[in-house]
Amino acid sequence: MNIDLEFDRNHIWHPYTSTTDPLPCFPVVAAEGVHIKLEDGTTLIDGMSSWWSVLHGYNHPELNTALQQQLDKVAHVMFGGLTHQPAVDLCKTLVNLTPPNLTKVFLSDSGSVAVEVAMKMAIQYWHGKQRPHKQRFLSLERGYHGDTIGAMSVCDPITGMHSLFSDTLSQQFFAKAPQSPYGQPLLEGDLDSFESLIKQHHDELAAVILEPIVQGAGGMRFYSADYLTGVERLCRQYQVLLICDEIATGLGRTGTWFGLDHANITPDIITLGKTLTGGYITLAATLCSDDIATGICDSKAGVFMHGPTYMGNPLACAVANKSLEILQRNEWQDQVRAIESQLNRELFEAQQLPSVKEVRVLGSIGVIELHKPVDMAKLQQFFVEQGVWIRPFGRQIYIMPPYVIDSESLSKLTRAMISAAKMS
Ligand SMILES: *Cc1c(COP(=O)(O)O)cnc(C)c1O
């Protein structure tokens with residue numbers, strides 16, 4: 001029986017789409033390695049890693065086995081008053097992999113929730129420190145931190161659609177987006193906007209929240225490690241906590257374990273998500289330092305006030321453990337390096353095209369930024385005809401394929417990107 005696209009079109013919301021005039025959806029029946037198989041038999045090479053999440057490829061035998069073995073034991077139990085081996089193993093690994101000061105782990109079900117948790121941790125911490133007026137946040141223009149109300153309040157005010165929700169969202173502060181390119185020293189004046197805001201408002205600021213090195217959904221921008229070093233210094237100077245949102249950058253995507261490794265900074269709180277289960281099941285984590293945890297528990301509540309129903313889901317933890325085990329074999333460094341050098345070789349010819357503003361490559365991320373927004377309907381169809389799955393947004397045609405992609409498949413992706421830029 002065919003997938004009922006008529007029903008899908010009439011009744012099901014897809015991300016950021018209209019239900020009255022949706023773009024077509026392509027029906028998937030299977031996926032394997034870096035290939036997504038459509039119902040009509042077409043096979044697409046995946047350039048998106050299903051939004052940053054797939055690292056080792058689809059239908060991975062070891063991940064499948066880990067999940068099946070856990071399924072035979074227990075699929076889910078509540079995490080209030082109960083615990084289990086997959087969660088303990090996962091949190092041990094996360095504590096080991098992340099900067100040494102981060103020792104306490106809060107598991108949740110999605111990136112946006114992990115960000116809400118991080119923000120609540122920061123607010124509760126300052127309550128514990130008897131400074132309850134410190135409860136607002138400073139973030140960066142062009143940043144993206146999720147779609148829930150709290151997370152939205154720290155997203156770029158324009159692309160985050162703040163005007164639509166202006167009566168609901170907490171009013172936060174936004175520094176100008178970093179202009180200093182990745183790999184280069186800080187441009188004169190680039191930290192000025194951030195510095196003046198933190199100087200002026202530190203008494204009411206609980207924390208700074210940003211995506212280290214790569215601003216993802218807000219425009220695929222890569223910026224200088226010096227900017228992060230400067231941010232860390234100013235956070236310490238003005239007693240404002242630093243939250244690194246590593247939901248997109250965590251676990252190797254930019255060529256280092258975490259985005260923050262490019263600058264060697266030590267945040268108070270980090271969030272992980274997307275990549276955590278290698279693209280299998282939704283799972284997220286928020287890690288904080290002992291100091292933050294103690295502050296939170298000194299607050300009047302005495303406990304951290306959050307507890308999702310599916311917290312620490314054993315299936316998700318089990319598959320995350322296997323995915324992290326695969327990463328810890330350290331093959332990903334060579335894989336990401338190989339992807340990076342191939343992207344560097346193959347994408348930059350697009351720089352000559354009149355439609356192209358800039359080509360950027362970092363780790364396993366390749367971006368062609370156009371002068372004008374893409375025609376989504378046209379390009380989506382074009383990419384599928386070329387046998388690739390690439391989903392552009394705004395002015396960006398970009399890919400971040402699974403780490404296991406072979407060079408021939410990657411060339412197919414880069415050729416399709418360049419053709420798309422030519423016809424734009
Ligand atoms: C995707 C993303 C989120 C939100 O994660 P969801 O799982 O979609 O809720 C938050 N922060 C960053 C940096 C992201 O890329």
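## A walk around the ligand

Start at the ligand and pick Gly111: a polar backbone atom of this residue sits 2.9 Å from one of the ligand's oxygen atoms. Keep in mind as you click around that this is a predicted model.

Next, select Ser112. Here the side chain takes part, with an N or O atom 2.6 Å from an oxygen atom of the ligand. Then go to Asp245, where a polar side-chain atom comes within 2.7 Å of a ligand nitrogen. How much of the ligand does the protein bury? On its own the ligand exposes 380 Å², and 83% of that is buried by the protein.

Now show the whole shell. Besides the three stops so far, the residues surrounding the ligand include Ser110, Tyr144, His145, Gly146 and Glu211, along with Ile247, Ala248 and Lys274. Colour the shell by residue class and you get three nonpolar, five polar and three charged residues.

Last stop: Lys274. Which feature does UniProt list for Lys274? An unreviewed entry there gives "modified residue: N6-(pyridoxal phosphate)lysine". To find Lys274 along the chain, look in the loop that runs between strand E11 (269–272) and strand E12 (284–289).

Is Lys274 buried, partly exposed or exposed? Its relative accessibility is 32%, so Lys274 counts as partly exposed, since that class lies between 20% and 50%.

Finally, bring up what Lys274 touches, skipping neighbours within four places in sequence: you should see Trp51, Trp52 and Ser53, then Ile247 and Ala248, and also Gly279 and Leu283. Ile247 and Ala248 should look familiar, as they also belong to the set surrounding the ligand.

Technical notes: Residues numbered from 1 in each chain as written. Predicted model: local features only at pLDDT ≥ 70, side-chain atom pairs only at ≥ 80, totals over all residues. Heavy atoms only, no water. Near = heavy atom within 4 Å. Polar contact = N/O pair within 3.5 Å; in protein donor to acceptor, adjacent residues only side chain to side chain. Areas by Shrake-Rupley, 256 points an atom, 1.4 Å probe, with all protein chains shown as cover. Nonpolar A, V, L, I, M, F, W, Y, C, P; charged D, E, K, R; others polar. UniProt positions renumbered as here; feature names shortened; annotations may be inferred. Helix = DSSP H or I, 4+ residues; strand = E, 2+ residues; numbered from the N terminus. Buried < 20%, exposed > 50% of the residue type's maximum accessible area, 1.4 Å probe, protein only. Contact = heavy atoms within 4.5 Å.
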